[in-house]
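Welcome! Let us take a walk through a structure and see how its chains meet.

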Amino acid sequence: MTVSFLTNWVHYLVAALFSVGLLGFLIRKNALVILMSIELMLNAVNLYVAKVSLALHSGAGLVLVVFAITVAAAEVAVGLAIILNLYRAKRSVDVDMFTGLKG
Amino acid sequence: MSDIAAGLFGVLTLGCSLGVVFSRNVIMSAFYLILSFFGLAALYVLIQAPFLAVIQVLIYTGAIVVLFVFVVMLIDQDKLLEVVTGKTLVLTAGVLAWSLGLILLRALNHSPMAVPVSGQLPTLRTISLSLFTEYLWPFEVLSVFMLVIIVGVFVLARDKVNA
Amino acid sequence: MNTVDIAILVAKTLLFYLIVLHVVPIMVWVERRGAALIQDRPGPNRVGPFGLLQPVADFVKFIFKEDPIPTGANRGLFLVAPALILIPASLTLAVLPFGDKVKLFGREILLQVADLDIAILYVLAIGSLGIYGILFGGWASGNKFSLMGALRASSQVISYEIPLGLAAVGAVAVYGTFSLREIALAQDGLWFGWLPRWGIFLQPVGFWLFFIASFAETNRLPFDLPETEAELVAGYHTEYGSMKFGMFMMAEYMNLTTISGVMVTLFFGGWHLPFVADAMLLKWIGSQNLLGLVQVVIFLTKVAIFLCVFVWVRWTVPRFRFDQLMRITWGRLIPLGIVNLLVTAGVMLWLGGWK
């Protein structure tokens with residue numbers, strides 16, 4: 001009983017967390033917070049993959065989540081390096097400032 | 001009891017993720033991000049994946065958010081104050097995110113995963129074994145990828161002016 | 001899980017927490033007297049015999065001191081930071097095996113709060129959380145010295161986690177388990193009739209790495225760069241006073257205790273007496289429960305020895321420069337750790353250790 005309730009419960013949480021991440025991605029202008037919002041979305045997906053994997057009694061999804069978390073760490077490192085460079089270029093991390101390719 | 005715990009940590013995770021999005025101060029966003037990830041780790045324990053919970057705390061809370069905070073501290077405080085986004089944009093984004101969430105929820109609830117499968121839950125041993133047998137090739141590719149990332153980040157983040 | 005089990009769990013948690021909590025005042029005394037001994041001066045000797053009541057006097061002073069919040073501070077984070085550093089310091093205790101087991105109320109009770117099968121990962125994960133207290137405390141103080149301390153702490157702790165993890169993985173490779181209890185159990189008895197079955201003889205390089213990295217993880221001299229009093233006033237806790245500073249201090253000693261406990265478990269036989277197997281000890285003592293008590297005492301003695309080593313090193317070794325600190329870990333410890341892991345894995349494969 002508890003398991004089935006928790007299963008559905010995870011669905012609600014995953015959907016809500018993903019939406020919150022998306023909202024942050026859309027409304028914020030600070031590059032750092034945008035990166036954080038992407039992490040939130042990624043975490044929602046991770047949680048769901050882990051849940052599905054456990055529901056199927058398989059370790060494959062868990063391994064996938066471990067890989068995803070590892071890649072996420074790398075992605076954040078690159079993202080932050082880029083943000084640092086942006087800051088060095090224009091002394092700002094506001095994404096609206098960077099319109100150099102707009103033509 | 002585990003239901004109550006799940007509710008508690010779910011609310012913690014969600015509330016703190018809202019905090020991440022709506023905090024004016026970036027460092028408060030980072031603080032909420034830590035709590036949010038910690039709540040997620042607790043949820044991993046509740047869905048019987050303690051290994052992932054520890055990995056989540058070790059990598060996400062222990063390393064990734066530290067990097068975030070580190071970069072926030074490197075950047076001038078007054079440069080972080082941002083212009084408030086327009087009301088229409090916030091409203092549109094809210095409606096968009098809300099509707100996507102509903103679509104997502106519908107999709108998740110109608111996915112065929114509800115079928116209960118019999119068998120053993122994967123343990124730490126089986127996960128580690130599959131990591132080094134079945135998934136050895138992706139594992140190796142990932143380690144080379146990490147090496148590339150280390151070099152790449154080093155080149156990217158280097159101070160070109162003072163170096 | 002019924003009520004009795006829960007009650008036992010709560011009792012165990014309280015008991016071990018209280019034990020470690022009492023390490024703090026004792027360590028304050030040991031630290032001050034040890035420093036005095038090394039620097040050839042008497043040290044605190046007025047309050048009580050040998051100055052033993054000095055920690056009590058210190059505590060009273062902490063409580064009654066003014067508790068300022070600087071004007072430029074971020075109030076919320078400034079208040080939360082001491083808790084953020086104290087909570088992870090206490091959480092690690094949950095997986096330390098203080099002893100084997102006792103029989104009470106008709107059931108076997110492990111002398112360990114939780115026997116996780118991922119205990120070592122748990123220790124590393126919780127250990128990496130302790131940094132947030134320093135980071136936010138330093139940032140929220142609104143003081144540039146504190147901020148410098150926080151920045152140093154973050155890069156230092158992240159860097160030194162890698163050799164710490166590599167050293168722990170070496171031990172995991174040898175014992176084939178992540179559970180601290182199983183690792184401790186595997187160190188019972190003797191090899192060849194004269195050498196204790198301790199991890200240090202299997203992983204000498206691993207121990208050395210773990211030992212060095214633990215100084216950096218706990219921000220102790222010679223790696224106390226986040227709080228160098230000569231450069232940064234007091235680093236991340238410059239602006240803290242009263243009991244909030246006291247909490248930083250408590251966290252430091254609790255971190256020392258837990259990391260010593262992990263070191264004892266991984267490399268120094270946990271609760272086992274050297275040269276005496278548990279079965280023999282049981283025959284001498286005669287009662288499983290009494291043996292459990294003796295094991296806890298043995299474990300705590302070993303931890304105490306390590307704590308004294310920490311004090312001894314603090315007052316004898318000079319501080320490193322920050323670039324030297326980084327060079328030590330990235331240039332020496334991490335390559336050494338990888339080589340150690342490779343050699344360990346090779347030998348294990350050669351001996352056919354894993355089935």
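Two residues are in contact if their C-beta atoms, placed from the backbone, lie within 7 Å. Keep that cut-off in mind as you read on, and remember that this is a predicted model.

**How the chains meet**

Which chains share the most contacts? Of the two pairs of chains in contact, it is chains A and B. By contrast, chain A and chain C are joined by no contact, and their closest C-alpha atoms are 13 Å apart.

The contact between chains A and B takes 65 residues from chain A and 72 residues from chain B. On the side of chain B that touches chain A, two or more residues come from each of α1 (2-22), α2 (26-46), α3 (50-74), α4 (87-109), α5 (124-132) and α6 (136-157) of chain B. Helix α4(B) gives the largest share of that side, 13 residues.

The contact between chains B and C takes 16 residues from chain B and 20 residues from chain C. Here α2 and α3 of chain B each supply at least two residues of the side that touches chain C. The largest share of this side is 12 residues, and α3(B) provides it.

The table sorts the residues of three contacts by class.

| Set of residues | Nonpolar | Polar | Charged |
|---|---|---|---|
| Side of chain B that touches chain A | 52 residues | 17 residues | three residues |
| Side of chain B that touches chain C | 14 residues | two residues | no residues |
| Contact of α3(A) with α6(B) | 15 residues | three residues | no residues |

**A pair of helices between chains A and B**

Two packed helices are described by the angle between their axes and the distance between the axes. Try this on helix α3 (residues 60-90) of chain A and α6(B): their axes come within 9 Å and cross at roughly 10°. Angles under 35 degrees count as roughly parallel, so α3(A) is roughly parallel to α6(B). The crossing of the two helices is left-handed.

Which residues of α3(A) and α6(B) meet? From α3(A) come A:F67, A:T70, A:A74, A:A77, A:V78, A:A81, A:I82, A:L84 and A:N85. They meet B:P138, B:L142, B:F145, B:M146, B:I149, B:G152, B:V153, B:L156 and B:A157 in α6(B).

**Inside chain B**

How many helices and strands does chain B have? Chain B has six helices and zero strands, and along its sequence the pattern reads α-α-α-α-α-α. Of its 163 residues, 31% count as buried. Among the contacts in chain B with a separation of 6 or more, 52% are between residues 24 or more positions apart.

Chain B is divided into domain 1 (1-78) and domain 2 (123-163). The C-alpha centres of these two domains of chain B lie 23 Å apart.

One residue to look for is B:Q48, in the loop between α2 and α3 of chain B. Its phi is near 70°, a positive value in a residue other than glycine. B:Q48 is partly exposed, because 17 other C-beta atoms lie within 10 Å.

**Inside chain C**

Is helix α5 (residues 131-140) of chain C largely enclosed or largely open? All 10 of the 10 residues of α5(C) are buried, so this helix is largely enclosed by the rest of the structure. Among the buried residues of α5(C) are C:I131, C:Y132, C:F136 and C:W139. What covers them includes α3 (75-91), α4 (119-129), α6 (144-175) and α11 (242-267) of chain C, together with α2 and α3 of chain B. After α5(C) comes C:G142, with a positive phi near 65°.

Another positive phi, about 60°, belongs to C:D40, although C:D40 is not a glycine. You can find C:D40 in the loop between α1 (3-38) and α2 (54-64) of chain C. With 6 other C-beta atoms within 10 Å, C:D40 is exposed.

Finally, look at C:N289 in helix α13 (residues 288-314) of chain C. C:N289 is partly exposed, because it has 13 other C-beta atoms within 10 Å. Leaving aside residues up to four places away in sequence, C:N289 touches C:V102 and C:K103. C:N289 and C:T13 are 276 residues apart along the chain, and their C-alpha atoms are separated by 18 Å.

Technical notes: Residues numbered from 1 in each chain as written. Chains lettered and ligands numbered in written order. Predicted model: local features only at pLDDT ≥ 70, side-chain atom pairs only at ≥ 80, totals over all residues. Helix = DSSP H or I, 4+ residues; strand = E, 2+ residues; numbered from the N terminus. Buried ≥ 20, exposed ≤ 12 C-beta atoms within 10 Å, placed from the backbone. Nonpolar A, V, L, I, M, F, W, Y, C, P; charged D, E, K, R; others polar. Axes fitted to C-alpha atoms, helices over the stretch in contact; angles between N-to-C directions. Parallel < 35°, antiparallel > 145°, perpendicular 65-115°, else oblique. Left-handed = near helix turned anticlockwise from the far one by under 90°. Domains from an automatic or database assignment.
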